[in-house]
Every structure is written in structure tokens, then in C-alpha cells.
Amino acid sequence: SSSSSSSSVRSNPVMAEAAPASAVPDVDVAGNLARVRAALEETHATKSLTHTTRLVAVSKTKPVELLQAAYDAGQRDFGENYVQELAEKAPEMPLDIRWHFIGHLQSNKAKVLCAIPNLAVVETVDTEKLALELEKRWVALADERAEKDPSSKGRVLSVFIQVNTSGEESKSGVEPPDAAPLAAFITENCANLKVAGLMTIGMPDYTATPENFECLKKCRSDVAERLGLPDENVLELSMGMSSDFALASEMGSTNVRVGSTIFGARNYNK
């Protein structure tokens, strides 16, 4: 659509004049998706894994044309990092997409996010304040979501607790010992949020140092115990990205977030 291509060059009027109408990167999205899925399937087969691993296509900074190509190839779970970008894309895409918000979320942006009827999960909850704000906005905007999509009525919002497993100050997330208390707080105080799992970003290249993944698994055990869950496997583990999604899957990830391997290198010059 013309609106999406014009938005990418809005900040540069000279470029807007010169840019062709269809400045969509030439990427074999369907082929890339097939390769990632095949790699996941091979890992599951060769390692005899019993859990399933969902593939989330991370589409931040990508035009809706590329998302549509992924959708046409059967992809339904998409991850976005920026609230405004997700709010602009969601209405342009089919309603049966499951949107995962995977970026750092400021409480004041929760209102925009919670108006999206097919927001499936917020993977980056790391404070009581943010949880309370999501609870409040999810309830307040229920009618607005139902108008856009009647099937969204009565649905709770799944959240993952983001854990800083690498100890890097630049990363968001709770410290590992704080994951279980936050999960308990949400369960007790946020009736419309469901603690559905845990998420981590980990080190830039932790194929050699899977302790970040081990740490998240330990946090899951702590959370399951704290919430009185009979089986910790009902909680998801969101870990693994383009560089290590197969390893993450092997180590128990139920949710891998793959962007550049599907959509090509990211374009931040929006």
C-alpha cells in the first residue's frame, strides 16, 4: 500500500520525491521462512524433542508488503518492538495474526497497545507498574477491541516476564530472583493478565554460553513453584533469535523470535 511506503520516507522530503512507489526490499520471505521452519523441524527430529517451538517472525522496521508475504506463506505469529509501528501495521494486516510485543514497553504506551484486538502476548513485562497499567488499559479498552474484532471479547492478555539473564545493564528485565515474586504479584492483582511464560534476550552471541538459557529455565521452575503449578512446562520459554534459534529450541524454547533471517537485514533509516 502507498501509505506504508510513504511513511518510511516521511522524514526525508527529497527522498520522498525520488523514491519509486514500490520501494519494497527484494527478499525471498517465503523461502527464508521455509528454511527456518525446516531447521526447527530438523532440530526437533534429531534431538527427539517433545515440546513444540513457535516461530515468531520479527517484523520491526519492515514494510507490510513483506509481512504479507510471510502471512501468505502461512506465518501467523509476528513480533514488533515499537508500539507506534505495531499500531500502524495491525489494522493493515489480517485479524487472525497473533501479534507479540517484544520491545521495551513504557507504561504510558500501554493504552495504544491494548487497543489492538489481536495482541496475543506482551513478552516484556518486568515491573509491577507496567503490569498494573496493562491490566487497567486491557479492561478499559475491551469494547474498542470487540468493535474491531468480536471474537476478542472476554479474552485475557497473555504476558511473559522478561528476565535479564545476562546481567548486562543495557538489557531490560527483572533480575532472576525477582521473576517469581513478579509473577505472583500479577496473578494476585491482575485478573485480566495471564502469566504465560518467561522471556530473555541473553548475550549477543551465547551459542557458546547457554547459561542464559539455563538461567531462564531455572526462573521458570521458581515461577511454577511460586504459582503452585503442577507442571512447569505449562509456562513458555521465549528465548532464541536469528543466530541461535535452533540451539534455543533444543534447550527448551517454546517461542523463538527470528527477524533478519526471514526478512533480511533491518532498516533503521525510517
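This report walks through a predicted model of a single protein chain, from its overall make-up to a few individual residues.

## The chain as a whole

Let's start with the broad picture. The chain has 270 residues, and 49% of them are buried. Its secondary structure consists of 12 helices and 8 strands. If you take the contacts with a separation of 6 or more, 61% of them join residues that sit 24 or more positions apart.

On the outside, the accessible surface amounts to about 12,700 Å². Carbon and sulfur atoms contribute 52% of that area.

## Helix α9 and its packing

Helix α9 spans residues 179–189. Its buried residues are Ala179, Ala180, Leu182, Ala183, Ala184, Phe185 and Ile186.

What do these buried residues pack against? Their partners include two helices, α7 (128–140) and α10 (211–227). Strands β4 (119–125), β5 and β6 (193–199) are also among the elements that the buried residues of α9 pack against.

## The loop leading into α9

Glutamate 175 belongs to the loop that runs between β5 (157–162) and α9. This residue has a relative accessibility of 42%, so it counts as partly exposed.

Which residues does glutamate 175 touch, once its neighbours within four places in sequence are set aside? The contacts are with Val163 and Asn164. For valine 163, the C-alpha atom is 6.0 Å from that of glutamate 175, although the two residues are 12 positions apart along the chain.

## Cysteines and the disulfide count

How many disulfides does the model hold? The count is 0. Cysteine 215 shows the reasoning nicely: its closest cysteine sulfur belongs to cysteine 219 and lies 4.4 Å away, which is too far for a bond. The cut-off used here is 2.5 Å between the two sulfur atoms.

As for solvent exposure, cysteine 215 has a relative accessibility of 19% and therefore counts as buried, the limit being under 20%. Cysteine 190 is buried as well, with a relative accessibility of 1%.

## The second largest pocket

A probe the size of a water molecule, rolled over the atoms, shows where empty space is left. In this model, the second largest pocket has a volume of about 430 Å³.

The lining of this pocket is made up of 23 residues. Lys60, Asn81, Ile201, Met241 and Arg257 are the ones nearest its centre. By residue type, the lining comprises 8 nonpolar, 10 polar and 5 charged residues.

## Two residues with positive phi

Most residues other than glycine have a negative phi. Two loop residues here are worth a look with that in mind. Serine 48 has a phi near 50 degrees, a positive value in a residue that is not glycine. It is located in the loop that connects α3 (29–46) and β1 (54–58), and its relative accessibility of 59% makes it exposed.

Threonine 61 also has a positive phi, near 70 degrees, and is likewise not a glycine. Its place is the loop between β1 and α4 (64–72). Is threonine 61 buried or exposed? At 9% relative accessibility, threonine 61 is buried.

## Three more positions to visit

Two acidic residues in helices come next. Glutamate 41 is part of helix α3 and, with a relative accessibility of 56%, counts as exposed. Its C-alpha atom lies 9.1 Å from that of threonine 53, which is 12 residues away along the chain. Aspartate 143 sits in helix α8 (residues 142–148) and is exposed, its relative accessible area being 56%. Between aspartate 143 and alanine 115 there are 9.2 Å from C-alpha to C-alpha, with a sequence separation of 28 residues.

The last stop is glycine 240, in the loop between β7 (236–238) and α11 (245–250). With 0% relative accessibility, glycine 240 counts as buried. The C-alpha atom of glycine 240 is 8.3 Å from that of threonine 200, and the two residues are 40 positions apart in sequence.

Technical notes. Residues are numbered from 1 along each chain as its sequence is written. This is a predicted model: local features need pLDDT of at least 70, side-chain atom pairs count only at pLDDT 80 or more; totals for chains, interfaces and linings use all residues. Side-chain values use heavy atoms; hydrogens and water are left out. Buried means under 20% relative accessible area, exposed over 50%, partly exposed in between (1.4 Å probe, protein chains only). Helices (H or I, at least four residues) and strands (E, at least two) are DSSP runs, numbered from the N terminus. Contact means heavy atoms within 4.5 Å. On a 1 Å grid over the protein atoms alone, a cavity is a set of points where a 1.4 Å probe fits but cannot get out, and a pocket is an open set with protein on both sides within 12 Å along at least five of seven lines; lining residues have an atom within 4 Å of a point. Grid points are joined across faces, edges and corners, and a volume is the space filled by probe spheres set on the points. Ala, Val, Leu, Ile, Met, Phe, Trp, Tyr, Cys and Pro count as nonpolar, Asp, Glu, Lys and Arg as charged, and the others, Gly among them, as polar. Accessible areas come from the Shrake-Rupley method with a 1.4 Å probe; for residues, only the protein chains shown count as cover.
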